[in-house]
Amino acid sequence: MWLSEFWTLMRDEFGDGPAQAMARSHVLGALDNRTAEEALEAGIPPRQVWAALVKDMDVPEDRWWGRDTPTRE
């Protein structure tokens, strides 16, 4: 996962402002008590940070890799 994909998933799931705030303030025990921002800066792969976030925030598993958008016919 690219860092840009991480931020797209964050914005899509939590909203632009809340995603930024969460990345700066929500501490994740699974990432040695780091915030998402701290974990990314420490070199933890975005996929691992995203997985820790969705589990910690109880995001339904069917939305872990983005929301399905209906196709236009």
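**Figure 1. The D32–R34 salt bridge.** D32 is exposed, as its relative accessible area is 62%. In this predicted model, D32 pairs with R34 in a salt bridge whose closest N and O atoms lie 3.9 Å apart. R34 has a relative accessible area of 27% and is therefore partly exposed. This pair belongs to a total of 2 salt bridges in the structure.

**Figure 2. The salt bridge between R63 and E13.** The side chains of R63 and E13 meet with an N to O distance of 2.6 Å. The two residues are 50 residues apart and link distant parts of the chain, with E13 in helix α1 and R63 in the segment after α4. E13 counts as buried because its relative accessibility is 13%, under the 20% limit. R63, at 26% relative accessibility, counts as partly exposed.

**Figure 3. Packing of α1 against α4.** The axes of these helices, α1 and α4, come within 9 Å and cross at roughly 20°. This angle is under 35 degrees, so α1 is roughly parallel to α4. On the α1 side the contact is made by L3, F6, L9, M10, E13 and F14, and on the α4 side by P46, V49, W50 and L53. Sorted by class, the contact has 9 nonpolar residues, 1 charged residue and no polar ones. E13, listed here in the contact, is also the partner of R63 in the salt bridge of Figure 2.

**Figure 4. The largest nonpolar core.** This core has 21 residues, and F6, M10, F14, L31, V49, W50 and L53 are those with the most contacts inside it. At least two core residues come from each of the helices α1 (3–14), α2 (16–25), α3 (36–41) and α4 (46–56). In soluble globular proteins, nonpolar side chains tend to be buried together. Several of the residues named for the core recur in the contact of α1 with α4, including F6, M10 and F14 of α1 and V49, W50 and L53 of α4.

**Figure 5. Buried residues of α4 and the end of this helix.** P46, V49, W50, A52, L53 and V54 are buried in α4. Their cover includes the helices α1, α2 and α3 together with the strand β1 (27–28). Q48 is found in the same helix, α4, but is partly exposed because its relative accessible area is 42%. Just after α4, D58 takes a positive phi of about 55°.

**Figure 6. Surroundings of L31.** Not counting residues up to four places away in sequence, L31 touches A39, I44, Q48, V49 and A52. Of these, V49 and A52 are among the buried residues of α4. Q48 and L31 are 17 residues apart along the chain, and their C-alpha atoms are separated by 8.7 Å. L31 is also one of the residues with the most contacts inside the largest nonpolar core.

**Figure 7. Surroundings of L40.** L40 has its place in helix α3. With neighbours within four places in sequence left aside, L40 is in contact with L3, F6, W7, P46 and V49. Among these partners, L3 and F6 of α1 and P46 and V49 of α4 also take part in the contact between those two helices. The C-alpha atoms of L40 and L3 are separated by 8.7 Å, with the residues 37 apart along the chain.

Technical notes: Residues are numbered from 1 along each chain as its sequence is written. This is a predicted model: local features need pLDDT of at least 70, side-chain atom pairs count only at pLDDT 80 or more; totals for chains, interfaces and linings use all residues. Side-chain values use heavy atoms; hydrogens and water are left out. A nonpolar core is a set of buried Ala, Val, Leu, Ile, Met, Phe, Trp, Tyr and Cys residues joined through side-chain atoms within 4.5 Å. Buried means under 20% relative accessible area, exposed over 50%, partly exposed in between (1.4 Å probe, protein chains only). Helices (H or I, at least four residues) and strands (E, at least two) are DSSP runs, numbered from the N terminus. Contact means heavy atoms within 4.5 Å. Axes are lines fitted to C-alpha atoms, for helices over the stretch in contact, and angles run from 0 to 180 degrees between N-to-C directions. Angles under 35 degrees count as roughly parallel, over 145 as roughly antiparallel, 65 to 115 as roughly perpendicular and the rest as oblique. Ala, Val, Leu, Ile, Met, Phe, Trp, Tyr, Cys and Pro count as nonpolar, Asp, Glu, Lys and Arg as charged, and the others, Gly among them, as polar. A salt bridge is a side-chain nitrogen of Lys or Arg within 4 Å of a carboxyl oxygen of Asp or Glu.
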